[in-house]
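Welcome, and thanks for taking a look at this one. Please open the structure below and keep it in view while you read.

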Amino acid sequence: MQQSTNTILMVRPVNFRMNEQTAVNNYYQEQAEELPNATSTKAQDEFDAFVEKLEAIGVNVIVINDREETDTPDAVFPNNWVSFHENGDVGLYPMFAENRRLERREDILQTIEEKGFVINHVIDYTSAEEDGVFLEGTGSVVLDRVNRKAYCALSPRADEDLFIEFCEDFEYTPVIFVAKQTVNGQRKPIYHTNVMMSVAETFAVICLSSIDDKKERKNVIKNLREDSKEIIDIAESQLEHFAGNMLQVKGNDDASFLIMSESAFNVLTHEQKEAINKHTKIVYSSLETIESCGGGSARCMMAEVFLPRA
């Protein structure tokens, strides 16, 4: 059982823009000032440079092109609709925005199999969309795969009952809380758990102050400490630059790396960087356009592949 993997699925954007359907509860999105084509081209350049950085450290990146003919502005964030597990199970997830449901593609699963991975069975939660119930993959659920714990910040995109069903199916212990951010003076739920926390092999980066309820906060801390994770606490002002949206991956010679955006790296303090560097190396890439228009960052762009090989 491993916490991080060497293989990542990424989807290269084609019709990238700010998705008006997700902007209703993703408070990180902004409308681009330039024409849509220019925005999309910038996003593609950022994507390509990011993939290059991952490949340079020895990460096996499976790149799939988004489809021209579908209106899928957020296809660059595949971790919300699919998850791949060590026992050969695949999870398919119900998405809040209707146009994001078009991102789910059977052919992507076929490509993964063609690359030599085994899919034993697919656990499909997507029918929950009909009831207006959502759980957006490893955006909504942050997994500690080794200690079999699943962390979930409840929001319009993360339903408690469905999360518990997921934990039963995949055999995880649920850790449930609400994480909030201040928007125009009001406390509102953060749309995805992976914006405010990242669990790595020996540490966790988390914005504890976003968990307003003291009991819930204590419980999260207790669970992380039980599993000997060093807690690296970040401020809400750092979340705005996606400092919680990170993922640990495996590169050459089984070395581990914490992947983040340049804007996340730039807002980390010297002390926070030192704390991370004790555990793993940091790799960052500029994702400015993808972050500002898409409202997601490095972690959201990577769907980890833990499937067994054929």
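What follows is a short briefing on sheets, a hairpin, a buried serine and some empty spaces. Please bear in mind that this is a predicted model. Two open sheets of three strands are described here, one with the order β6-β7-β8 and one with the order β11-β12-β13. After those come the β14 and β15 hairpin, the residue Ser285 in strand β16, the largest cavity and the second largest pocket.

**The β6-β7-β8 sheet**

- Pairing in this open sheet of three strands is mixed.
- Its edge strands are β6, covering 141–144, and β8, covering 173–177, and each of them pairs on one side only.
- On average, and with direction ignored, neighbouring strands here are turned by 20° against each other.
- Strand β7 (residues 149–153) runs parallel to β8, and five bridges join the two.
- If you would like a pair to locate on screen, Tyr151 has Val175 in β8 as its bridge partner.
- Helix α4 (residues 160–170) lies across β6, β7 and β8, and its direction is at about 160° to β8.
- Helix α6 (residues 214–226) lies across β7 and β8, running at about 145° to β8.

**The β11-β12-β13 sheet**

- This is also an open sheet with mixed pairing.
- β11 (197–199) and β13 (230–233) each have a single partner strand, so one side of each is left without a neighbour in the sheet.
- Neighbouring strands are turned by 15° against each other on average, again with direction ignored.
- Four bridges link strand β12 (residues 203–206) with β13 in the parallel sense.
- Within β13, Asp233 stands opposite Ile206.
- Helix α9 (residues 270–277) packs on this sheet, where it touches β12 and β13, and its direction makes about 155° with that of β13.

**The β14 and β15 hairpin**

- Strands β14 and β15 form a hairpin with five residues between them.
- In the turn, Asp253 has a positive phi of about 55°.
- The pairing of β14 with strand β15 (residues 256–261) is antiparallel, over four bridges.
- One bridge partner to look for is Leu258 in β15, which is matched with Gln248.
- From strand β14 (residues 247–250), Leu247 and Val249 point one way while Gln248 and Lys250 point the other way, and all are buried.

**Ser285**

- Ser285 lies in strand β16, which spans residues 281–285.
- Its relative accessibility is 1%, so Ser285 counts as buried.
- Leaving aside residues up to four places away in sequence, Ser285 touches Ala49, Phe50, Lys53, Met260, Ser261 and Glu262.

**Cavities and a pocket**

- The model has four cavities of 30 Å³ or more.
- The largest cavity has a volume of about 150 Å³.
- Its lining has 15 residues, and those nearest the centre are Val142, Leu143, Leu247, Arg299 and Glu304.
- β6, β11 and β14 each supply at least two residues of that lining.
- By class, the lining of the largest cavity holds seven nonpolar, five polar and three charged residues.
- The second largest pocket has a volume of about 170 Å³.
- Among the residues that line this pocket are Met1, His85, Glu86, Arg145, Arg148, Asp169, Tyr172 and Phe306.
- The lining of the second largest pocket divides into four nonpolar, two polar and six charged residues.

Definitions and conventions
Residues numbered from 1 in each chain as written. Predicted model: local features only at pLDDT ≥ 70, side-chain atom pairs only at ≥ 80, totals over all residues. Heavy atoms only, no water. 1 Å grid on protein atoms, 1.4 Å probe; cavity = no way out; pocket = protein on both sides within 12 Å on 5 of 7 lines; lining within 4 Å. Points joined across faces, edges and corners; volume = space filled by probe spheres on them. Nonpolar A, V, L, I, M, F, W, Y, C, P; charged D, E, K, R; others polar. Pairing = 2+ DSSP bridges. Axes fitted to C-alpha atoms, helices over the stretch in contact; angles between N-to-C directions. Contact = heavy atoms within 4.5 Å. Buried < 20%, exposed > 50% of the residue type's maximum accessible area, 1.4 Å probe, protein only.
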